[in-house]
Each structure stands twice: as structure tokens, then as C-alpha cells.
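Please open the model in your viewer and keep the sequence beside it. The tour below proceeds from one selection to the next.

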Amino acid sequence: MAGRDVLEEYLDGLAVILADASATGRRLTRDELDSRRALGERAAEAGYGLRALVGAHLAAARVHWPAAGLASTDSVLAAVEQIVDAFAEGYERAQRQAVRQEEAARREFIDDLLYGRSDLGRLAERAERFGLRLSHAHAVAVGQGRAGYDEGDAVSGEVERALIGRFGDRSILMTTKDGRLVCIAPGDQDDVLSFFAKQAYAATDGGQVAIGRPQPGPGGVVQSYEEALNALALAERLELDAPVLRAADLLVYPVLTRDRQAMADLVLNALGPLRQARGGARPLLDTLTEYFAAGCVAAEAARRLSLSVRALTYRLDRIHRLTGANPADPVHRYTLQTAVIGARLLDWPEKDF
């Protein structure tokens, strides 16, 4: 607890106000209340604890208690109550302002960090204030659900409390961005991101979490964050329903789409003839999608499509006749499966190219 001599400056004028207000039984004037609030703000900005400050006020009230007969006990206590209340109000107001400023600084830092804005050297300096050492590798996990989430709401608070309760202070930054939950952790602490994914999945009532690869340096957070976002977008396009997606497991897809024109040519050459089928290409394309997803097991693919095995076999034969490629032939299968993935990535046949 801070010493009385240190806190004395925050009791300035207390004796005079106490003596006058308690002697007449009046309430403190607006100026007197404002002076107490101003002292409370200064004390908060100086970093003193409210408990010690209230104790100092009560001790000063005992020292300056009016002589017997000059004021009633009730009037003295009423004056002390107003003095302490106004002082605490100013103290709390300064704290709220400090919190708002801290939140604004944190949000600005997070925006700069996740979007790669600001000088990287300066960004690394600011990161230390929030427990991150950007000279090391970091990985980012992003969770999304049916609703959007903000800092301070029930879902983000639940996940953050679980993280702190499990790992404490381990250079973890938990936040929200664009309605999604975001966790930034050192690249060698995959257990943190795995735990975050589990908690976020539960808190978002079955949402989806993507984890980017660990990336080094101040710009590594941006790269890992973008990988996680791309993984979520890819999952939506390909209808991947796994609760946890790892960018490292999905690297084949960016490779396939790196040359968009080449992929478009493959889709049109391999699957274009399906448009000649009755009902268009979509039913047969869906058949191929489920057939490959079922490991080329006809019975399982038929079940997924709510077809008989005979009907499925007919569709596969139709695909073979139209395209010249047999889905059951290992030589043709890779080309067809790659083309099916490309069609989903390029939204074909709904979009032409």
C-alpha cells in the first residue's frame, strides 16, 4: 500500500471541505465535487490503487474530524461519503478512458498486424507490448460460425477464458476480425492452436476453424492469417465440412489454381462434353464428385446420391461415352478427378469461361 506522504497530494483541500460541509450540513458544491473528481483522475493516471486511496481518505477524515459540537456525526459522514464518491467517480472515469485508449491501440495494432500495414520494424516493437515476439515464427488460426463475433461478446469471451485458463500467458493473442475469431500463437506451440480450434468449434455451435502454417518474421503473421482465410474460402467452395482445416493439408489446391487458364482448359476438355447429357453437366458432375469422395466405391457413392448401384453404374457409363475417359480406370481417374476439383474451384458449369 502506498504511504500516506505519497498520497497526500490527492487529499488536497479535503480538510477545508469536510469542516465547512459538515458544520452546515450542506451538500458539496459543484466545484468541490469537480475538484475531487479531478484528483481521482490524477491518482488513477499515476497508477495508485483505489483501495489505498479510499483508506487514505478515511484516515484523513479521522484526523480532521470536527471538534465535538461543531458538527453532527451524520453530517460528517455524509460529507465524507460525497468526497469519497466523487473521488472514486473521477478515478473510474480515468480508468475507463485508459481502457478505451488501450482497446483502440490494440485494435489498431491488430489491424496493422493482420493486414501487413505499418513499418515491420515498428510493428515488431509494438508487438512486444501485447506479448508477441515477431522475430520468431507465428501461426494463426481463424474460426467462423453462422454469426459474426466481436471482442467482448459471449462467444469470444468464452474461448479466450478457456485459452488463458489452459495456457496462461504464453505469448498468445486472441482477438476478432471481420466477425471471425482469431488466435495468434508461436509457431512451435501447435497445442495452443489445436485447443483454440476445439474451443472455437464448440463455442460457435459447430463452426469451422482453419489453421495457417507457421511463418517466420514480422510478416509471418500476415501470411499465416491469409492462409487460414484462404482455407476457409476453399472449404466453402469445395464443400469441405471438416471442423478443423490445416492449410498445410490443402496446398494442392492453390497449386492447381495457380495457372487459372490451364485449369479452365482442363475442365473444358475433360468435362465439357458432359453438357450434351440430358439435364446438362451438373448431375453427372455431382456423380463424379461423390464417386471420387467415396473412394471410387460404387455402393457408397450410390448411397450418398440416393441412387441404386445400377443407376450409378449407368451414369458412369454415360460419362465414359461422352468424355472418352473411364472413371474406373486408374489412368483416366486422375485427369477426371483433377478436372472435377477444378470445376468446383472455378464454379463450372454455372460460370462459363
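Angles between helices under 35 degrees count as roughly parallel, over 145 as roughly antiparallel, 65 to 115 as roughly perpendicular, and the rest as oblique. This is a predicted model, in which local features need pLDDT of at least 70 and side-chain atom pairs count only at pLDDT 80 or more, while totals for chains, interfaces and linings use all residues. Residues are numbered from 1 along each chain as its sequence is written, and side-chain values use heavy atoms, with hydrogens and water left out.

**First selection: two helices**

Select residues 14-24, helix 2, and residues 73-115, helix 5. Their axes (lines fitted to C-alpha atoms over the stretch in contact) lie 8 Å apart, and the packing angle is about 135°. Helix 2 and helix 5 are therefore oblique to each other.

Next, display the side chains at the contact (heavy atoms within 4.5 Å). Helix 2 contributes Leu14, Ile17, Leu18, Ala21 and Ser22, and helix 5 contributes Ser75, Val76, Ala79, Val80 and Ile83.

**Second selection: a strand and its partners**

Now select strand 1, residues 138-144. Six of its seven residues are buried (under 20% relative accessible area, with a 1.4 Å probe and protein chains only), so strand 1 is largely enclosed by the rest of the structure.

Add strand 3, residues 180-186, which runs antiparallel to strand 1 and is joined to it by six bridges. Here glycine 143 has leucine 181 as its bridge partner.

Finally, add strand 4, residues 208-211, also antiparallel to strand 1, with four bridges between them. Which residue of strand 4 stands opposite alanine 141? That residue is isoleucine 211.

Key
Axes are lines fitted to C-alpha atoms, for helices over the stretch in contact, and angles run from 0 to 180 degrees between N-to-C directions. Buried means under 20% relative accessible area, exposed over 50%, partly exposed in between (1.4 Å probe, protein chains only). Two strands pair if DSSP finds at least two bridges between them.
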